[in-house]
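Got your viewer ready? Let's take a short walk through this model, one selection at a time.

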Amino acid sequence: MRGFIHHIDLTVKDPWASAPFYDAVLGFMGYKRWDEDARGIDWEHASSKDRLPSIGIFKAQGPNAGRGHDRYSPGLHHIAWIAESREDVDRLHALLIEIGATVLDPPADYPEYGDGYYAVMFADPDGLKLEFVHEPRK
C-alpha cells in the first residue's frame, strides 16, 4: 500500500453546482458522499475497509478563483480511474451522455499507452480532465 493515493482534493468554482456530476460519476465507480461543509464535499470509496481513497471538491478561492482550468499550465493534468472491463468503460460513457457531461474522447483503444488500453476521457463542469480506463492485467 505504500505510495498508493490516500485522497485527492480538487478545487472547483462551485462545489454544489458540480455535486450532481460527481455524485453520478463517483457513485458509478463505487464512491459514496460522506461529508459536506461550507468549504465543499467529500466522497469515500464504499468497498474498501478504510473507505480510501477519498475524493473531495472544494470551492476555489483567491484572485484566480474564477478562471477556467488549463491542464497544460502547472497543476493537475488529469485523473484516471481503473475500470473493471471494456464494458465498464462503455457503461460510464453511456452515463456521461445521459447526464449531459462533456465527453472529450469517447471509448477507444489507445495502444500507445499499453496493450489493451481502452478508455473514455471526459471533463467535469469546470473542465478538469478525467479518465476511466481498462487495461488487462498481465
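The tour goes from a sheet to the helix on it, and then to two pockets. Keep in mind that this is a predicted model.

**Stop 1: the sheet.** Select strands E5, E8, E7 and E6, which in that order form an open sheet of 4 strands with mixed pairing. Now colour E5 (78-82) and E6 (102-109): these are the edge strands, each with a single partner strand, so one side of each has no neighbour in the sheet. Look along the sheet and you can follow a twist that averages 15° from one strand to the next.

**Stop 2: one strand pair.** Zoom in on E6 and E7 (residues 118-123), which run antiparallel and pair over 5 bridges. For one of these contacts, pick Asp-109, whose bridge partner in E7 is Tyr-118.

**Stop 3: the helix.** Add helix H2 (residues 86-99), which packs on the sheet and touches E6, E7 and E8 (129-134). The direction of H2 makes about 20° with that of E7.

**Stop 4: the largest pocket.** Its volume is about 980 Å³. Show Tyr-31, His-45, Pro-53, Trp-81 and Ile-82 as sticks: of the 29 lining residues, these are the closest to the centre. Which elements give two or more residues to this lining? They are E5 and E8, and E5 gives the most, with 4 residues. By class, the lining has 18 nonpolar, 5 polar and 6 charged residues.

**Stop 5: the second largest pocket.** This one has a volume of about 390 Å³. Select Thr-11, Arg-67, Gly-68, His-69 and Leu-128, which lie nearest its centre among 21 lining residues. The lining divides into 8 nonpolar, 8 polar and 5 charged residues.

Note on methods: Residues are numbered from 1 along each chain as its sequence is written. This is a predicted model: local features need pLDDT of at least 70, side-chain atom pairs count only at pLDDT 80 or more; totals for chains, interfaces and linings use all residues. Side-chain values use heavy atoms; hydrogens and water are left out. Two strands pair if DSSP finds at least two bridges between them. Axes are lines fitted to C-alpha atoms, for helices over the stretch in contact, and angles run from 0 to 180 degrees between N-to-C directions. Contact means heavy atoms within 4.5 Å. On a 1 Å grid over the protein atoms alone, a cavity is a set of points where a 1.4 Å probe fits but cannot get out, and a pocket is an open set with protein on both sides within 12 Å along at least five of seven lines; lining residues have an atom within 4 Å of a point. Grid points are joined across faces, edges and corners, and a volume is the space filled by probe spheres set on the points. Ala, Val, Leu, Ile, Met, Phe, Trp, Tyr, Cys and Pro count as nonpolar, Asp, Glu, Lys and Arg as charged, and the others, Gly among them, as polar.
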